[in-house]
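Colleague: Hi! Could you walk me through this one? I'd like to start with how the helices pack.
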Amino acid sequence: MKYLLIPLFLLLTVDCIAQKTVADSPENNNNNILNWMSDNGIEIRRAFDGTKKEGKSALFQYVKDFTTDSNSTNTLDIAVKVKEKEFEKLRLYFYPVVEWHRNIVNEDLQNEDSYNKISASLKSEWAILSSIFTPLLVGSASIKNDFKDDEPEGEFKIETTFFSIIEGLPGSNTNGRNNNTILKYYPYFGYEHYLGLVEGIDNIEFLKSRLYVEFYPFGTDAIRGIFEYTKRWETGGKNLNTDSEVISGAFNADLNKFFSITLEYENGELPVNDFENSHTLKLGLGFKI
Amino acid sequence: MNITKDVISIISNQSGVKVENISSSHELKKQPLTFDNFGLIYLAAALRAYVKQHTQNAKTVKKSEISKSEFKVSDVIELIKAKIEES
């Protein structure tokens with residue numbers, strides 16, 4: 001129950017700070033703390049992994065787990081991106097990210113579905129060409145610790161996708177009748193290497209492909225849907241004897257500029273669950289800068 | 001050279017929204033423009049090329065300059081005008 005109070009307290013506090021600051025300088029909305037963070041390149045999301053989690057941040061989620069038929073009200077996901085280093089002529093970007101992902105089932109960290117992971121990453125994005133259709137490379141190197149078993153892990157990922165301004169191609173806005181965007185998508189192809197940093201922890205490598213679709217069913221920013229399908233083919237390391245497959249979808253409804261309600265469905269073998277199958281429905285309060 | 005018209009034309013070209021449907025009060029990251037992270041990289045590149053074309057000592061345009069919260073079409077126009085007029 002106490003985890004219900006944390007986001008509500010934050011919601012009230014941040015709103016009060018924002019309102020007070022704006023009230024102090026009504027002519028300048030940019031004077032509030034949250035806009036200052038945004039203007040200085042500090043962003044808060046659920047994750048910065050190029051997945052649907054990057055779109056919204058959930059501080060807290062109520063989780064219905066269909067795999068174990070259990071309910072958990074103890075989930076926290078937060079990622080903070082610090083100002084990026086920009087090599088604008090090369091269209092190359094680097095930025096550090098610190099993330100905390102926690103899911104303690106039934107107040108028990110030792111439960112097999114529980115995790116409590118903190119990670120530090122260096123991420124990069126490179127737009128290879130400046131033409132109207134171009135490949136992009138997205139990479140990251142991370143070190144993370146799961147406090148469930150206190151075993152540090154490394155992670156290296158590189159993905160390529162495509163961007164175009166031609167309607168219908170990846171990255172472009174597909175516009176509806178009222179000229180508002182209703183659809184945008186990206187296909188990704190890449191390689192992932194999960195690295196055990198202590199003796200006895202297995203390495204595992206995957207080739208992966210991913211389809212990310214973002215849609216605005218009502219042509220408004222306030223309600224947004226995301227669908228994602230990820231397929232991983234194990235190419236080395238620990239033998240899971242199965243390829244990993246994840247289907248997920250999410251709906252976000254904005255409460256105000258910074259807060260939203262998120263309903264999210266996930267089914268498949270997720271890296272955060274050590275590629276064990278999980279099947280969950282999550283209702284969350286999101287916070288985004 | 002009409003900077004306002006040219007910048008709106010660039011934003012239209014990059015977003016797929018017709019010029020007549022773009023207002024100076026539209027925010028880059030919101031409807032109908034909905035520039036995402038990758039879109040902002042390319043918008044910055046297009047604006048950089050425009051500024052380079054019209055200045056002697058090529059002023060740059062960074063993605064971080066147009067990624068600020070609530071950054072509007074009018075802010076982009078002011079930014080580009082300032083860069084061209086400064087040079």
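Modeller: Happy to. One term up front: a crossing is left-handed if the near helix is turned anticlockwise from the far one by less than a right angle, and right-handed if clockwise. Keep in mind that this is a predicted model.

Colleague: Good. So what is the handedness of the crossing of α1(B) and α4(B)?
Modeller: The α1(B) and α4(B) helices make a right-handed crossing.

Colleague: At what angle do their axes cross?
Modeller: Roughly 125 degrees, and the axes of helix α1 (residues 3-15) of chain B and helix α4 (residues 73-86) of chain B come within 9 Å. Because of that angle, α1(B) is oblique to α4(B).

Colleague: Which residues meet there?
Modeller: From α1(B) you have I3(B), T4(B), V7(B), I8(B) and I11(B). They meet V73(B), V76(B), I77(B), I80(B), K81(B) and I84(B) of α4(B). Sorted by class, that contact has nine nonpolar, one polar and one charged residues.

Colleague: Switching topic: how many residues does each chain put into the contact between A and B?
Modeller: Chain A supplies 24 residues and chain B supplies 24 residues. On the chain A side, helix α2 (residues 33-39) of chain A gives the most, with three residues. The class split for that side of chain A is four nonpolar, 13 polar and seven charged residues.

Colleague: And the confidence: which elements of chain B have the lowest and the highest mean pLDDT?
Modeller: Helix α3 (residues 63-66) of chain B has the lowest, at 91, and α1(B) the highest, at 95. Chain B averages a pLDDT of 91, with 99% of its residues scoring at least 70. For the model, ipTM is 0.89 and pTM is 0.81.

Key:
Residues numbered from 1 in each chain as written. Chains lettered and ligands numbered in written order. Predicted model: local features only at pLDDT ≥ 70, side-chain atom pairs only at ≥ 80, totals over all residues. Contact = placed C-beta atoms within 7 Å. Helix = DSSP H or I, 4+ residues; strand = E, 2+ residues; numbered from the N terminus. Nonpolar A, V, L, I, M, F, W, Y, C, P; charged D, E, K, R; others polar. Axes fitted to C-alpha atoms, helices over the stretch in contact; angles between N-to-C directions. Parallel < 35°, antiparallel > 145°, perpendicular 65-115°, else oblique. pLDDT = per-residue confidence, 0-100.
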